[in-house]
Amino acid sequence: MNYFDGKTVLVTGGTGFVGTNFVKELSNFNVKIIVPIHKRELSFKSKKIHTINADLTNIDDCLKVCQNVDYIFHAAGMVSAARMTVNNPMTAISTNLIVTLRILEAAMKQNVKKILLFSSGTTGYPQYNHAVTEDEMFNDDPAEVYYGYGWSRRYTELLGNFASKKSDLKVAICRPTGVYGSYDDFDPSTSHVIPALIKRAIDKENPYVVWGDGEEIRDFLHIKDLIRGCFLLLEKNANSDPVNIGSGKEYKIKDIVKIILNLTDNKDTKIEFDNTKPTTIPVRKVNVDKAKKLLGFEMKISLEDGLKETIDWYKKKIK
């Protein structure tokens, strides 16, 4: 029997990138899926999805969407792309914290069994050059460029821990790395690095200008692997114990650029690196031993396969 069999699952942010992928994967099971609708409509449709018009900054609306819910995947809120972090550092903080507080309060009052919260495996950790482990999060401040957003991700963990101590709500805490895949945000003003690079490659930009020097190191994970890791985390480790969910591999931005250009038939495109643009920290490596030991989780989708899937999805979307 599947862990979600017969359950009612609330996916906040179910119209966004991560939330849509939760909804899509959950629809393969015998579940009732609740998705709050506020400013955006569903990107994926299924008879198992039940929508409720709700503003998750409002506690009454949160109580409504949490009623008779077994599990919550809390994917609502704003993410913080490089240009947002540098140019408008408060944008992604206040709303995220308010929505998380309201959902936790409602989950406690409505006797929800479990909730998964997202911290961050990229912005929350101190600026170390080695592969960071879970117990290093609070050893020092986040990197200066991530300072406010990074602390808000840390505070999300503390709120989850507090809620679990004050109620019977069990809390799983995911620290994801850079995630990409179908239903991602390809808007140039808000997108993260991989969808931004894909869009510009498909638009046939030449010269192809890349922010930074291309030597930046990141950990990237395909969205389907993240969702699978979160399912395991909710089932096996909902005890306010944070776990890094990532690939555990090191990717240089310049190498990702080459793969994307090859996959989009742009092999002869001239690449230019622009060090004047914001790129945040030069290195982020993540240790994923804990996820492997506790959850049996390992990356399954290679970077090249994941990028091809994402490119193919985006091409179909813009036709």
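**A walk from the surface to the strands**

A good place to start is the outside, where Phe138, Tyr147, Trp151, Tyr155 and Leu158 make a nonpolar surface patch of about 480 Å². Keep in mind as you look around that this is a predicted model. One member of the patch, Tyr147, belongs to helix 5, which covers residues 147–166. With a relative accessible area of 37%, Tyr147 counts as partly exposed.

Helix 5 also offers a way inward. The side chain of Glu157 meets that of Arg175 in a salt bridge, with an N to O distance of 2.7 Å. Because Glu157 sits in helix 5 and Arg175 in strand 7, this pair ties together parts that are 18 residues apart in sequence. Are the two partners buried or exposed? Glu157 is buried, at 5% relative accessibility, and Arg175 is buried as well, at 2%.

Arg175 brings us to strand 7, which runs over residues 170–176 and is mostly covered, with six of its seven residues buried. Which strands does strand 7 pair with? One of them is strand 5 (residues 114–118), paired with strand 7 in the parallel sense over five bridges. To find this pairing in the viewer, look for Leu116, whose bridge partner in strand 7 is Ala172. Another is strand 12 (residues 243–245), which runs parallel to strand 7 and is joined to it by three bridges. Here you can pick out Cys174, whose bridge partner in strand 12 is Val243.

Cys174 leads on to the cysteines. How many disulfides does the model have? The count comes to zero. The nearest cysteine sulfur to that of Cys230 belongs to Cys174 and is 3.9 Å away, and Cys230 is in no disulfide. A disulfide here needs two cysteine sulfur atoms within 2.5 Å, so a separation of 3.9 Å does not qualify. Cys230 is buried, at 0% relative accessibility. Cys66 tells a similar story: its closest cysteine sulfur, in Cys62, is 6.3 Å away, which is too far for a bond. Cys66 is likewise buried, with a relative accessible area of 0%.

Next comes helix 4, made of residues 94–109, where you will find Thr100. Thr100 is buried, at 3% relative accessible area, and its side chain makes a polar contact of 3.0 Å with the side chain of His74.

Helix 4 holds a salt bridge too, this one between the side chains of Lys109 and Glu105, at 3.0 Å from N to O. Why do these two lie about one helical turn apart? They are four residues apart in helix 4, so about one helical turn separates them. Lys109 is exposed, with a relative accessible area of 51%, whereas Glu105 is partly exposed at 29%.

These pairs belong to a broader set, for the model has 14 salt bridges. Side chains of opposite charge can pair when their charged atoms come close. Another of these pairs is Lys285 with Glu250, whose closest N and O atoms are 3.7 Å apart. Lys285 lies in strand 15 (residues 285–286) and Glu250 in the loop between strand 12 and strand 13 (251–252), so the pair ties together parts 35 residues apart in sequence. To finish the tour, look at Glu215, Lys252 and Lys254, which are joined into one network by salt bridges that share partners.

Definitions and conventions: Residues are numbered from 1 along each chain as its sequence is written. This is a predicted model: local features need pLDDT of at least 70, side-chain atom pairs count only at pLDDT 80 or more; totals for chains, interfaces and linings use all residues. Side-chain values use heavy atoms; hydrogens and water are left out. Patches are made of residues with over 30% relative accessible area and no salt bridge: like charges are joined within 9 Å, nonpolar side chains (Val, Leu, Ile, Met, Phe, Trp, Tyr) within 5 Å. Accessible areas come from the Shrake-Rupley method with a 1.4 Å probe; for residues, only the protein chains shown count as cover. A salt bridge is a side-chain nitrogen of Lys or Arg within 4 Å of a carboxyl oxygen of Asp or Glu. Buried means under 20% relative accessible area, exposed over 50%, partly exposed in between (1.4 Å probe, protein chains only). Two strands pair if DSSP finds at least two bridges between them. A polar contact is a pair of N or O atoms within 3.5 Å; within protein, one must be able to donate a hydrogen and the other to accept it, and residues adjacent in sequence count only if both atoms are side-chain atoms.
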